[in-house]
Amino acid sequence: MNETQRISDLINAYSNILLIIHQFPDGDTIASSLALYIALKKLAKNVTIACNDSVPEPFLFLPKAREIKRDFLQGDWDLIIVLDCGDLRRTGYSDRIKAFAGRKKRLINIDHHPRNDLHKIANINFFDESVAAVAELVEPIITMLGVEIEKEIATCLLTAIYTDTGGFMHSNTTPETLSLASKLLSRGARLKLIIQNINNARTLPSLKLWGKALERIVYNSKYEIVYSIITQKDILECDAKSSDVAGVVNLINNIPNANAVILFCEYQGNEIRVSLRTEKKGVDLSRLANFFGGGGHKKAAGFNFQGKISRLVDLR
Ligand SMILES: [Mn+2]
């Protein structure tokens, strides 16, 4: 029996289902989960989505996005499904999920990140590193459950694909990705609305923040990497939100002759988040991120560490 069948059997067998999306949530984790959430609601399941962070503004246009909860009660669930999380820590609820997996043996991991600690504790791993977005794994589950892919579900799934492929620009865009996108469009997915919200939602604070990051771009010719820096002070001065940082690294990606781009961003509590991107063949950034205790994909990865940026470099 394949994973799609096993997961849909478990969903059919139980009523109380919790979906968990990762910290610093992106379009894929949010929208893939919302697609499954809407499908499970149609099956009259008692379903909740939990995320340890708030949903960034550009994704609030998605159907049911405002129903995503910040917390959950551990004992209430028959089944927990984690989507796009990469590793246990990224769920933001490691201890509770570990305890649940040990006790109930009904933890499902749906992911397209390299194998990690989540794979060891999940009871079903539906995992495919070759898909651009987790949405490509969620769609067959919804279909197997017998729920029609209607306008709302299609819009969610297409948003997930659109964001994880950088608007179909990243090298993870495969013929399968595009054929699913085409199917979703034919089911009424609102591509124009997605583009308007994801690409055109440039607020003044986010543009100012981008300006700071762009001004500080450095090219390191020895390693052929491009990097930039955003400090906590920048975020405060621009009146920006942490979520405004997200677009910056994609903006500076794809610079000719660069093997990779790196963005160092300082968050509250001396936490520095490092985002890595590349479009170069043969460069695997997930290995670098793993080395520093982080994770991600070959072409987009990241890690965190404690420190202050002002001590490392002279800021202009
Ligand atoms: Mn993803």
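In what order do the 5 strands of the open sheet with parallel pairing stand? In this predicted model, the order is β2-β1-β3-β4-β5. The edge positions are taken by β2 (46-51) and β5 (124-127); each has a single partner strand, so one side of each is left without a neighbour in the sheet. From one strand to the next, the twist averages 15 degrees.

At one edge of this sheet, β1 and β2 run parallel and are joined by 6 bridges. One of the residues of β1 involved is L18, whose bridge partner in β2 is T48. Although β2 is an edge strand, 5 of its 6 residues are buried, so β2 is largely enclosed by the rest of the structure. At the other edge, strand β4 (residues 107-111) pairs with β5 in the parallel sense over 4 bridges. Here N109 is placed opposite N125 of β5. Helix α1 (residues 3-13) packs on the sheet and touches β1 (16-21), β3 (79-83), β4 and β5. The direction of α1 makes about 130 degrees with that of β5.

The largest nonpolar core comprises 65 residues, and those touching the most other members are L19, A35, I80, V138, L157 and I161. Helix α2 (residues 27-42) gives the most to this core, contributing 9 residues. Another core, of 28 residues, lies apart from the largest one and includes A213, I229, A240 and V245. In soluble globular proteins, nonpolar side chains tend to be buried together.

Residue L157 of the largest core touches A31, S32, A35, A135, V138, E139 and L184, when residues up to four places away in sequence are not counted. L157 also takes part in a contact between two helices. Helix α5 (residues 135-144) and helix α6 (residues 151-164) pack at an angle of about 155 degrees, and their axes are 9 Å apart. Angles over 145 degrees count as roughly antiparallel, and α5 and α6 are therefore roughly antiparallel to each other. On the α5 side the contact is made by A135, V138, E139 and I142, and on the α6 side by I153, L157, A160 and I161. Sorted by class, the contact of α5 with α6 has 7 nonpolar residues, no polar residues and 1 charged residue.

A further open sheet has 6 strands in the order β6-β7-β8-β9-β11-β10, and its pairing is mixed. Its edge strands are β6 (218-220) and β10 (295-296), each of which pairs on one side only. Strand β10 runs antiparallel to strand β11 (residues 300-306), and 2 bridges join the two. The bridge partner of G296 in β11 is A301.

Backbone geometry was also examined in the loops. Most residues other than glycine have a negative phi. A44, which is not a glycine, has a positive phi of about 60 degrees. A44 is found in the loop between α2 and β2. Residues with 12 or fewer other C-beta atoms within 10 Å count as exposed; A44 has 8 and is therefore exposed. N257, likewise not a glycine, has a positive phi of about 70 degrees. The loop that holds N257 lies between α11 (246-252) and β8 (260-267). N257 counts as exposed because it has 9 C-beta neighbours inside 10 Å.

Terms used
Residues numbered from 1 in each chain as written. Predicted model: local features only at pLDDT ≥ 70, side-chain atom pairs only at ≥ 80, totals over all residues. Core = buried A, V, L, I, M, F, W, Y, C linked by C-beta atoms within 7 Å. Buried ≥ 20, exposed ≤ 12 C-beta atoms within 10 Å, placed from the backbone. Contact = placed C-beta atoms within 7 Å. Pairing = 2+ DSSP bridges. Axes fitted to C-alpha atoms, helices over the stretch in contact; angles between N-to-C directions. Parallel < 35°, antiparallel > 145°, perpendicular 65-115°, else oblique. Nonpolar A, V, L, I, M, F, W, Y, C, P; charged D, E, K, R; others polar.
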